[in-house]
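Visitor: Before we look at this model, may I ask you to justify each label that you use by setting the value against its cut-off?

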Amino acid sequence: MLESNYSMPTEFLLVGFTDYLPLRVTLFLVFLIVYTLTVVGNMGLIILVNIDSNLQTPMYYFLSNLSFLDISYSTAITPKMLVNFLASRKIISLYGCALQMFFFACFADAECLVLAAMAYDRYAAICNPLLYPTLMSRKVCVCFTVLAYFIGSVTSTVHVCLTFRLPFCASNIVNHFFCDIPPILALSCADNHINGLVLFALCGFTQTSTFVVILISYFCILITVLSIKSSSGRSKTFSTCTSHLLVVTLFYGTLLFTYLRPTTSYSPNTDKVVALFYTVVFPMFNPIIYSFRNKDVKNALKKQLERNWIFT
């Protein structure tokens, strides 16, 4: 409970990356391009999956949800970051900070679960092809997706409620470019040991459990692939997984580094750079990775472009 002699700040000041104006303008232009490519690329992938009949499969259903999540958690952070690059005072209101924390945590946790569902989908398709229509029916896919958003909402609500019940009496200056949980906890003058444990427990459970599902799925896939006698068959089978493996490596590598460490080991400058990659940069790469390394997506895109060219 908040102590009576502590007042909750009405706004937070985000330190960001630099106070040097020419560099801030340059960063604004760079990340404006990155964010535009993120929205256009992921939105294009969502539209393509929904209009092409050959992409109406569980794999691409989850891929379209992944693109939606990439747009969502990037949008929770990037527009405000762009505004602050050009603003004289890089502020965010208390409620704006809480909402930003909620939506980012919600969509990031949901993405972990969607990536795990995508790994299970590949396992079912490669290791149990005869049972695949049952294991990955439309109802099962929808249940996986609803569960992902539900768990993301619950965990983010817990984080926000526990964080903003703390007294912030020392400062309202956040050494970050968005309202992430660790730098906000660092401002509290009360004992935030419980918050640190909850952060570690919830993030640890979500990230570790989904990562284990992914590892087990790909271990089973590897065993099945190695049992295929022809090298071309092995290559063709495993090629359907390479894009997903690359995305998992990029996303989980930065996420596990950021949140599964003791709070005493946080380094603000290092964490800002790492966070920049998984919140702003990686969402731009996901549609590129899935487009250039996936024959179905490339063929669907080529077909739509040819159809539009014929009609014009």
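Guide: Let me begin with accessibility: a residue is buried if its relative accessible area is under 20%, exposed if over 50%, and partly exposed in between, with a 1.4 Å probe and protein chains only. What you see is a predicted model, in which local features need pLDDT of at least 70 and side-chain atom pairs count only at pLDDT 80 or more, whereas totals for chains, interfaces and linings use all residues. Residues are numbered from 1 along each chain as its sequence is written, and side-chain values use heavy atoms, with hydrogens and water left out.

Visitor: Why is V158 called partly exposed?

Guide: Its relative accessibility is 32%, which falls in the middle class, so V158 counts as partly exposed. V158 belongs to helix α6, residues 138–163, where a helix is a DSSP run of H or I of at least four residues, a strand is a run of E of at least two, and both are numbered from the N terminus.

Visitor: What makes a residue a contact of V158, and which residues qualify?

Guide: Contact means heavy atoms within 4.5 Å; once neighbours within four places in sequence are set aside, V158 is in contact with V198 and L202. L202 is 44 residues away along the chain, and its C-alpha atom is 9.2 Å from that of V158.

Visitor: How do you know whether T206 is buried or exposed?

Guide: T206 has a relative accessibility of 4%, and because this is below the cut-off for burial, T206 counts as buried. T206 sits in helix α8, residues 193–226, and, not counting residues up to four places away in sequence, touches D109, C112 and T155.

Visitor: Why is A116 called buried?

Guide: A relative accessible area of 8% places A116 among the buried residues. A116 is part of helix α4, residues 94–127, and its contacts, leaving aside neighbours within four places in sequence, are T210, V213 and I214. The C-alpha atoms of A116 and Q207 lie 9.7 Å apart, with their positions 91 residues apart along the chain.

Visitor: What makes L48 buried, and which residues does L48 contact?

Guide: L48 has a relative accessibility of 7%, and therefore counts as buried. L48 is in helix α1, residues 21–51, and contacts L55, V297, A300, L301 and Q304 when neighbours within four places in sequence are left aside.

Visitor: Is E306 buried or partly exposed, and how do you know?

Guide: The relative accessible area of E306 is 43%, so E306 is partly exposed. E306 lies in helix α11, residues 295–311, and its C-alpha atom is 40 Å from that of V213, a residue 93 positions away in sequence.

Visitor: Why are β1 and β2 said to pair, and in which sense?

Guide: Two strands pair if DSSP finds at least two bridges between them. Strand β1 and strand β2 (residues 91–93) share three bridges and run antiparallel, and one bridge joins E11 to S93 in β2. With strand β3 (residues 173–174), β1 pairs in the parallel sense over two bridges, where L14 has V174 as its bridge partner. The result is an open sheet of three strands in the order β2-β1-β3, with mixed pairing; β2 and β3 are the edge strands, since each pairs on one side only.

Visitor: What makes the two faces of β1 distinct?

Guide: In a regular strand the side chains alternate between the two faces of the sheet. In β1 (residues 11–14), F12 and L14 form the covered face, while E11 and L13 form the uncovered one.

Visitor: How do you know whether the radius of gyration agrees with that of a compact globule?

Guide: The radius of gyration is taken over C-alpha atoms, and the globule rule is 2.2 Å times the number of residues to the power 0.38. For 312 residues this gives a value near 20 Å, and the protein chain has 21 Å, so the two agree. The C-alpha atoms fill a box of roughly 70 × 45 × 30 Å along the principal axes, and 47% of the 312 residues count as buried. Among contacts between residues at least 6 apart in sequence, 79% join residues at least 24 apart.

Visitor: What is the secondary structure of the protein chain overall?

Guide: The protein chain has eleven helices and three strands, which follow one another along the sequence as β-α-α-α-β-α-α-α-β-α-α-α-α-α.
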